[in-house]
Amino acid sequence: MRCIAGKQEDADALYGPASFLLTGPSKGQRGGCVKYFVLTNNPMVCEKAAAGADVVYKPGSIQGIFEEAACYIAQGHRLLTHPLSGSVKPGETPYKSMLISSDALQNMDLASARLISSAIDACGKFSDKSGSYTEQTLRDLQLVDVSLISGAMDSALVS
Amino acid sequence: MKLTLGKIFIQDIVFSDETRLESGVLHVNPAQYEQLVLSDDKISSVSFDIAKPGESVRITPVKDVIEPRVKVEGPGGIFPGMVAGVETVGSGRTHALSGMALVTAGPIVGFQEGIIDMSGPGAAYTPFSQTLNLVMVCTPKDGIEAHEYERAVRMAGFRVAAAIGELGRDVEPDEEIEYETLNFVEDLHLFFDLPRVGYVQMLQSQGLLHDTYVYGVDAKQILPTILYPTESMDGAIVSGNCVSACDKNPTYIHQNNSVIADLYAEHGKTLNFVAHIITNENVYLADKERSSNQTAKLCRMLGLDGVIISQEGFGNPDTDLIMNCKKIEAEGVKTVIITDEYAGRDGKSQSLADADVAADAVVTGGNANQVITLPKMDKVIGTLDYVNKIAGASVDTLQEDGSLVVELQVITGATNETGFNKLSAR
């Protein structure tokens, strides 16, 4: 995987506004039948995700990353992974990665919109503990998130 | 397929110089099992302790709970694909050390393990306050990754449980129950006038530290398939996950699945319990579509009239649950779903992350966000170092007087979604 700091306008041109692109503009260079990019606030995704993936890295809260995904969905991109993946709940993990289709449909995908809306609602149900974690716990949480998204990327290769 | 399950009622567990099972009392020499644990070089040390119902004892962080069993007659061994070969299990004769459990504990990832209180208000929420617990606390070698530690503790638990179960091989059981499932042709003729009912069990399978194993196979790699319901009684399905304590299925719950037990109780009387269908809960949405399509197809192929669907977890699995429900209903098969709820601390929020009109028959295992206070216990087995971090706790959890203010999420089995718990609603 290439994880280089790109320009904001590259990200905007590829995937829409309000994102910071960490990979080069290699749209759809991997993903088997499904062209996608990874939307994440997890720095470890840049270090450990499989080679060749496009990553849009947006530091910030988990609710922020859900809202970012909602922006893409509003533009016609589809969610390819469940936003509430993993048993670690919003507020209990500060990290979330999602696969989003590179291609945008003309109309908004309603299933994606429903899933992300439900995920944003879920953020209010859990107390935010992320400020209390040790470096080791944060690293564990990053690793779990990387594992979940890596499994999804493997699935995308064969779907 | 026919299985005779012989239950040996364990009356007490004591430490002893010699390991033996005598008159319902399990005598344990911990040194005998240490080498079984330490044979894995990922574990640096292990300590054993005993926790009994009613004692002022808190066990945390709990990873898995396992019932020791032994295969006395018939093919295969307990925990096939893990610590036994891969022969198909579920027939013949199995002995269970009933009323006790092996509890494995250790800070695997520091945020996902649970609490078992043996007395006080917390004890009322976990089924494992009622078992005599032999607790095995494992300390990892420095520098190993959380998932390596999880695997090491998981496998050590199975090795020790199998070794303890072996003590029951030649013991006359206190109770025997026969479970039998005929092949599809035979049961169609015998129970032609009874509704055909199946059990769809969704297995936690989202990825690292979120895995379940079937005959040793990672469940996220399976297509939905059919088991005889007795196979899980011999440990064909085991837990390998570190998800929220309240609604994960420890291995003990797979061995003693309440849905299977209740369906067998009515088998041949009010219904024909045809099959145990297992499916997964993957992260990738296309995987969810594939698995729910296959599950609905199996229900149709089996000519089922109704199914009970249980999920494991919250959020991502809610989508699989609703997909399964919708697609199975669309095949003309009635469904009842079992879930728990994350309805917020006030109970007023949307309970599930997904919903559909087809899901019109729901059994709840309780609200995992419900807040309770757990008073200080005289003894802690494990450590409280992580108690502020586990799912359902917060930075304010540990009070000055030693009590814990937590959500039910932290309690192992509190809102279990196979009904192996004490909460519900009418």
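How many residue pairs are in polar contact across the interface of chain A and chain B? The exercises below start from this question and refer to a predicted model.

**Exercise 1. Describe the interface of chain A and chain B, beginning with its polar contacts.**

Step 1. Across this interface the rule finds eight residue pairs in polar contact, both residues of a pair being at pLDDT 80 or more.

Step 2. Turning to the elements of chain A that take part, helix 4 (110-122) and helix 5 (135-158) each supply at least two residues of the side that touches chain B. Helix 5 of chain A gives the most to this side, with 11 residues.

Step 3. Sorted by kind, the residues of the side of chain A that touches chain B are 15 nonpolar, 13 polar and seven charged.

Step 4. The contact as a whole takes 35 residues from chain A and 43 residues from chain B. The size of an interface is often given as the accessible area lost when the parts come together. Here the area buried between chain A and chain B is about 3,100 Å², and carbon and sulfur atoms give 57% of that area.

Step 5. The rule also finds two salt bridges across the interface. B:D354 takes part in a salt bridge with A:R114, in which the closest N and O atoms are 2.5 Å apart.

**Exercise 2. Work out which elements make up chain A, and in what order they run.**

Step 1. Counting the elements gives five helices and four strands in chain A.

Step 2. Read from the N terminus on, these elements follow the order α-β-α-β-α-β-β-α-α.

Step 3. Chain A has 159 residues, of which 58% count as buried, and its accessible surface comes to about 6,100 Å², with 53% belonging to carbon and sulfur atoms.

Step 4. If we take the contacts in chain A between residues at least 6 apart in sequence, 69% of them join residues at least 24 apart.

**Exercise 3. Decide whether A:T40 is buried or exposed, and describe its surroundings.**

Step 1. A:T40 has its place in strand 1 (residues 36-40) of chain A.

Step 2. The relative accessible area of A:T40 is 0%, and because buried means under 20%, this residue counts as buried.

Step 3. Leaving aside residues up to four places away in sequence, A:T40 touches several others, among them A:V45, A:V55, A:Y57, A:I65 and A:D145.

Step 4. A polar atom of the side chain of A:T40 also lies 2.8 Å from the backbone nitrogen of A:N42.

**Exercise 4. Find which parts of chain B are tied together by the salt bridge of B:K379 and B:D49.**

Step 1. The side chains of B:K379 and B:D49 meet in a salt bridge, with 3.0 Å from N to O.

Step 2. B:K379 lies in strand 23 (residues 379-382) of chain B and B:D49 in strand 5 (residues 43-51), so the pair ties together parts that are 330 residues apart in sequence.

Step 3. Both partners count as partly exposed, B:K379 at 34% relative accessibility and B:D49 at 21%.

Step 4. For another pair in chain B, consider B:D356 and B:K326, whose side chains meet in a salt bridge with 3.9 Å from N to O. This pair links distant parts of the chain, since B:D356 is in the loop between strand 20 (334-341) and strand 21 (362-367), while B:K326 is in helix 7 (residues 316-330), 30 residues apart.

Step 5. A network of salt bridges links B:E18, B:R20 and B:E22. Within this network, the closest N and O atoms of B:R20 and B:E22 are 3.3 Å apart. B:R20 is partly exposed, with a relative accessible area of 24%, and B:E22 is partly exposed at 42%.

**Exercise 5. Explain how helix 5 of chain B is covered and what is found at its ends.**

Step 1. In helix 5 (residues 258-266) of chain B, the residues B:S258, B:V259, B:I260, B:L263 and B:Y264 are buried.

Step 2. What covers these buried residues includes strand 12 (175-180), strand 13 (196-204), strand 18 (272-281), strand 19 (306-310) and strand 20 of chain B.

Step 3. At the N-terminal end, B:N257 caps the helix, with a side-chain oxygen 2.9 Å from the backbone nitrogen of B:V259.

Step 4. Just after helix 5 of chain B, B:G268 takes a positive phi of about 85°.

Methods
Residues numbered from 1 in each chain as written. Chains lettered and ligands numbered in written order. Predicted model: local features only at pLDDT ≥ 70, side-chain atom pairs only at ≥ 80, totals over all residues. Heavy atoms only, no water. Contact = heavy atoms within 4.5 Å. Buried area = accessible area lost by both parts, 1.4 Å probe. Salt bridge = Lys/Arg side-chain N within 4 Å of Asp/Glu carboxyl O. Polar contact = N/O pair within 3.5 Å; in protein donor to acceptor, adjacent residues only side chain to side chain. Nonpolar A, V, L, I, M, F, W, Y, C, P; charged D, E, K, R; others polar. Buried < 20%, exposed > 50% of the residue type's maximum accessible area, 1.4 Å probe, protein only. Areas by Shrake-Rupley, 256 points an atom, 1.4 Å probe, with all protein chains shown as cover.
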